[in-house]
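Welcome! Below are a few short exercises with worked solutions. Have a look at the sequence and the 3D view, then try each task before reading on.

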Amino acid sequence: MAPPKNTAAKEPLKILMLHGYTQSGPLFHSKTRALEKALTKALPTYDIRFSYPTGPVRLDPADIPGYSGTSDNKDEEPEPAFGWWRRKDLPSPTSNREPKIVYTGLQDGLGRIAETIKTEGPFDGVIGFSQGGCAAGMVAGLLESGRRRSFVFAADTQDVERFPSSFDPFHEQGSSQPQLKFAIIYSGFPAPGTRYSRFYEPPLTTPTLHFLGTLDGVVEEARSRALIERCEKAREAVHPGGHFLPSQRPWLDAAVGFVQECLEKDKDGSGEGGRGKKENEENVEDMDVPF
């Protein structure tokens, strides 16, 4: 007689996946299959669901880095490309200052993400790449308790981006979307300048794992480290590659181990409490991955 099958219901685990600039949800999905498979295999007691929204900004060929329009096939069209916002460099009011950077369409991009949270959430974590990594950091912070107050406090004193109204429902009593348990950011960076400072002040408390490529020629290491410095519970993994999601076993194990640890700490209620960066860095060294 065959032994009875384990019919215990699996615990749901939902992860929000945010693509990079010039990508789309389906394209990002095709690039993260190894990561999906590794997480699903390592967490058999969870019913894992991945959501891949597409940014609302439809990009023109001229917006796509490297596109020249000189293909031998005149009828060939580039693949549809999207972003969460466009970067616009405005001239500085004084000649000795850097140009002012504005993310046009940011509120719409965050609104698309908020709509996904409402219809497909609540989510336990977020994973983002490049511009999606920047968005992942914003989303993690926007879902933290007290973040909205920091925007309100600065609204009358600085030229700051307003708190996205699309995220207001997540701060109302009875909201089903809590603070995220983890965020994994590949080739990420913070939104620059004082205009976006409230996304990171006070620093993010959501546990984050940041992947940096030593050969990344698109997002410089200094930009990624600027985001790491804005996260209280940050860890980092440096891989010997460029601007992509590393799919080799050591880097998949790093991501899987981080998610497992965050879920375990959430279950036992330990979290990471008020521990400082120094202790977090020591714990990274204790993990059996090549950080």
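At 0% relative accessibility, F167 counts as buried. Please keep in mind that the model is predicted.

**Exercise 1. Decide whether F170 is buried or exposed, and describe how the rings of F167 and F170 are arranged.**

Step 1: The cut-off for a buried residue is under 20% relative accessible area. F170 has a relative accessible area of 11%, so F170 is buried.

Step 2: Now look at the two rings. F167 and F170 form an aromatic pair, with 5.4 Å from centre to centre and 80° between the planes.

Step 3: Planes over 60 degrees apart count as edge-to-face, and the pair of F167 and F170 is edge-to-face.

**Exercise 2. Find where L143 sits and which residues it contacts.**

Step 1: Start with the chain. L143 belongs to the loop between α4 (131-142) and α5 (147-154).

Step 2: Check its accessibility. With a relative accessible area of 6%, L143 is buried.

Step 3: List its partners, setting aside neighbours within four places in sequence. L143 is in contact with I117, F167, F170, H171, Q177, P178, Q179 and L180.

Step 4: Pick out one of these partners, Q179. L143 and Q179 are 36 residues apart along the chain, while 5.1 Å separates their C-alpha atoms.

**Exercise 3. Work out how the pair of Y186 and F211 is arranged and which strands hold its two rings.**

Step 1: The ring centres of Y186 and F211 are 4.4 Å apart, with 10° between the planes, and the pair is stacked.

Step 2: Y186 is in strand β8 and F211 in strand β9 (residues 208-213). The pair links distant parts of the chain, as these residues are 25 apart.

Step 3: Y186 is buried, at 2% relative accessible area. F211 is buried too, at 1% relative accessibility.

**Exercise 4. Show which residues of helix α2 are buried and how they are placed around the helix.**

Step 1: Within α2 (residues 33-42), the buried residues include L35, E36, A38 and L39.

Step 2: Viewed down the axis of α2, the buried residues fall within an arc of 165°, so they line one face of the helix.

Step 3: A general rule helps here: an α-helix has 3.6 residues a turn, so residues three or four places apart point the same way.

Step 4: Turn to the other side of α2, where K37 and K41 are exposed.

Step 5: Finally, see what the buried residues of α2 pack against: β1 (11-18), α1 (25-31), β2 (46-51), β7 (125-129), β8 (182-186) and α7 (249-268).

Notes
Residues numbered from 1 in each chain as written. Predicted model: local features only at pLDDT ≥ 70, side-chain atom pairs only at ≥ 80, totals over all residues. Heavy atoms only, no water. Helix = DSSP H or I, 4+ residues; strand = E, 2+ residues; numbered from the N terminus. Buried < 20%, exposed > 50% of the residue type's maximum accessible area, 1.4 Å probe, protein only. Contact = heavy atoms within 4.5 Å. Arc of directions from axis to C-beta. Phe/Tyr/Trp six-rings, centres within 6.5 Å; stacked < 30°, edge-to-face > 60°.
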